[in-house]
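User: I'm new to this structure and would like to learn how its features get their labels. Could you show it to me, and then take my questions one at a time?

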Amino acid sequence: MMETAEKPKQNYGKIEYHSGQKMNRVVFLEEVESDKDRRGKFLCFCGNEFIAFIHSVKSNVTKSCGCYRSQVMKDRKTTHGLSRHPLY
């Protein structure tokens, strides 16, 4: 009988990401093991580390650890910021 040679597993369409690669407002640190989709550990521009889906960061769905959203909401709710000013 002939033995069949094992073929190496190929990663079709799997993009390699490198530590230090900047995506949007975050920096890719390392890939994290996951059951389904690919996840990665990222460093936000505010200094927090967080884990997110790599495809969400690449497609601009995830922009930061959450600090960007809170900043946008704060800016959206502030009309002029001078309500405590003596001339107001």
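**Strands, charges and cysteines**

Analyst: A good place to start is the hairpin in which six residues connect β2 to β3. Please keep in mind that this is a predicted model.

User: What makes β2 and β3 a pair of strands?

Analyst: Pairing calls for at least two bridges between the strands. Strand β2 (residues 26-32) and β3 are joined by six bridges, therefore they count as paired, and they run antiparallel. Among the residues facing each other, E30 has K41 of β3 as its bridge partner, and E31 is opposite G40.

User: What makes β3 and β4 a pair?

Analyst: The same cut-off of at least two bridges applies. Five bridges link β3 to strand β4 (residues 49-53), so this is a pair too, again in the antiparallel sense. Here L43 has E49 in β4 as its bridge partner. The hairpin of β3 and β4 has four residues between the strands, and G47 in its turn shows a positive phi of about 110 degrees.

User: And what about β1 and β2: how many bridges join them?

Analyst: Two bridges join strand β1 (residues 22-23) to β2, which run antiparallel. The requirement is at least two, so this pair meets it. M23 sits opposite V26 of β2, and the hairpin between β1 and β2 holds two residues.

User: What is special about N24?

Analyst: N24 has a positive phi of about 60 degrees although it is not a glycine. You will find N24 in the loop between β1 and β2. N60 also has a positive phi, near 70 degrees, and is likewise a residue other than glycine. N60 lies in the loop between α1 (54-58) and α2 (67-77).

User: Why is N60 called partly exposed?

Analyst: Partly exposed covers the range between under 20% (buried) and over 50% (exposed). N60 has 39% relative accessibility, so it falls in that range. N24, with 36%, gets the label by the same reasoning.

User: Back to β3: which of its side chains are buried?

Analyst: The side chains alternate along β3 (residues 39-44). G40, F42 and C44 point to one face and are buried, while R39, K41 and L43 point to the other and are not. Take C44: its relative accessible area is 4%, which is under 20%, so it is buried.

User: Why are K41 and E30 said to form a salt bridge?

Analyst: In general terms, side chains of opposite charge can pair when their charged atoms come close. The cut-off is a nitrogen of Lys or Arg within 4 Å of a carboxyl oxygen of Asp or Glu. For K41 and E30 the N to O distance is 3.8 Å, so the pair qualifies. It links distant parts of the chain, with K41 in strand β3, E30 in strand β2, and their positions 11 residues apart. Both are partly exposed: K41 has a relative accessible area of 25%, and E30 has 40%.

User: How many salt bridges are there in the whole structure?

Analyst: The search finds three salt bridges. One of them joins E31 and R38 at 3.0 Å, N to O. E31, at 38%, is partly exposed, and so is R38, at 23%. Another is formed by E49 and K41, whose closest N and O atoms are 3.9 Å apart; this is within 4 Å, so it counts. Through shared partners, salt bridges join E30, K41 and E49 into one network.

User: Why is E49 called exposed?

Analyst: E49 has a relative accessible area of 51%, and exposed means over 50%, so the label follows.

User: How do you know whether C44 is in a disulfide or free of one?

Analyst: A disulfide is a covalent bond between the sulfur atoms of two cysteines. The structure as a whole has zero disulfides. The cysteine sulfur nearest to that of C44 belongs to C67, 3.5 Å away. The cut-off is within 2.5 Å, so C44 is in no disulfide. C67 is in no disulfide either, with the sulfur of C44 as its nearest, 3.5 Å away.

User: And is C67 buried or partly exposed?

Analyst: C67 has a relative accessible area of 21%; buried needs under 20%, so C67 is partly exposed.

Terms used. Residues numbered from 1 in each chain as written. Predicted model: local features only at pLDDT ≥ 70, side-chain atom pairs only at ≥ 80, totals over all residues. Heavy atoms only, no water. Buried < 20%, exposed > 50% of the residue type's maximum accessible area, 1.4 Å probe, protein only. Salt bridge = Lys/Arg side-chain N within 4 Å of Asp/Glu carboxyl O.
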